[in-house]
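Student: Got a minute to go through this one with me? I'd like to start with the ligand and then look at the strands.

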Amino acid sequence: MRRDDHHAPQAGVARAELSELPPAAGQPERSVSGGLQTWRERLAFLRGFVAHPGQVGSVIPSSHVLEQRLVRSARLLRARCVVELGPGTGGTTRAFLRAMPANAQLLAIELNEQFAARLRTSIRDPRLTVVNGSAESIDRFLADHGLPAPDAVLSGIPFSTMPREVADRIAAEIARVLAPGGRFVAYQVRAHVADYASRYLGKARKEWELVNIPPVRVFTWTSGS
Ligand SMILES: C[S@@+](CC[C@H](N)C(=O)[O-])C[C@H]1O[C@@H](n2cnc3c(N)ncnc32)[C@H](O)[C@@H]1O
């Protein structure tokens, strides 16, 4: 898999502030219902949903408000290595990159081939590695790219619609790869993810994010806590 270039963060501007800046020329626009997105991106996401509804699990990408909650819950401002499961068309991916330090790495694992191909061409950032594959193989993908144990794994993949054995394998894999004290943050309409991940990571902190279509639960686990 290849590592793509992306817009470098703006020098001299704190990353927390960067996410509050207006989009640069040629960058997608921000909206409450869909974060930083173009209509083209929303259409691509909708097409992905129509083709694979159970796999994509939502008709519209995450909101900007949800993106910022995820950034805080996963403590991305001080992360060194981050894994994103199910980046979709990349709204969350861009938000994570804006928040992450300049020397951090983001491994984005996307099952949908069209979404993965789109991410490689639309996001150019040397910190980003896009892999087309399943979250069941996080450990192998990290090793393939010489990446260390992640400080954070963020996931929007729908645990409620996948086969139980797949969901269980993914939860076990996340618990296995996380660095000590690392965070697993999952945003989901349903609570199935908690049944799987709590087996390996213990009790989660649970919150609701209402400024999203639809409102979602945000679960946060801390490895070793
Ligand atoms: C609800 S969408 C989230 C998209 C984006 N992160 C957002 O929040 O707008 C879920 C994504 O997970 C991907 N996905 C589903 N199962 C997966 C798996 N086993 N491994 C990796 N990605 C998966 C889908 O293709 C889809 O892009």
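Tutor: We can take the ligand shell and then the strands; keep in mind that this is a predicted model.

Student: How many residues surround the ligand, and which are the closest?

Tutor: The ligand is surrounded by 21 residues. P61, S62, G86, G88 and G156 are the closest.

Student: What is the shell made of by class?

Tutor: It has 11 polar, 9 nonpolar and 1 charged residues.

Student: And which elements each supply at least two residues of the shell?

Tutor: Those are α3 (53-56), α5 (91-99) and β5 (105-110).

Student: Okay, strands now. Is β8 enclosed or open?

Tutor: Strand β8 covers residues 183-188, and 6 of the 6 are buried, so β8 is largely enclosed by the rest of the structure.

Student: Which way do the β8 residues point?

Tutor: R183, V185 and Y187 point one way, while F184, A186 and Q188 point the other way. Both sets are buried. In a regular strand, side chains alternate between the two faces of the sheet.

Student: What about β7 and β8, parallel or antiparallel?

Tutor: Parallel: strand β7 (residues 152-155) is joined to β8 by 4 bridges. Within that pairing, V153 has F184 of β8 as its bridge partner.

Student: What do β7, the helix and β8 make together?

Tutor: With helix α8 (residues 164-177), β7 and β8 form a β-α-β unit, and the unit is right-handed.

Student: How does β8 pair with β10?

Tutor: In the antiparallel sense, over 6 bridges, with strand β10 spanning residues 216-222. Y187 has V218 of β10 as its bridge partner, and F184 has W221 of β10. F184 is also the β8 partner of V153.

Student: Is β10 enclosed or open?

Tutor: Of its 7 residues, 5 are buried, so β10 is largely enclosed by the rest of the structure.

Student: Last bit: how many bridges join β9 to β10?

Tutor: There are 5, and the two strands run antiparallel, with β9 at residues 205-209. One of the bridge pairs is W208 with R217 of β10.

Student: And what joins β9 to β10 along the chain?

Tutor: A hairpin, through 6 residues.

Conventions:
Residues are numbered from 1 along each chain as its sequence is written. This is a predicted model: local features need pLDDT of at least 70, side-chain atom pairs count only at pLDDT 80 or more; totals for chains, interfaces and linings use all residues. A residue is near a molecule or strand if its C-beta atom, placed from the backbone, lies within 6 Å of it. Ala, Val, Leu, Ile, Met, Phe, Trp, Tyr, Cys and Pro count as nonpolar, Asp, Glu, Lys and Arg as charged, and the others, Gly among them, as polar. A residue is buried if 20 or more other C-beta atoms lie within 10 Å of its own, exposed if 12 or fewer, and partly exposed in between; C-beta atoms are placed from the backbone. Two strands pair if DSSP finds at least two bridges between them. A crossover is right-handed if, with the strands pointing away from the viewer, the path from the first strand over the helix to the second runs clockwise.
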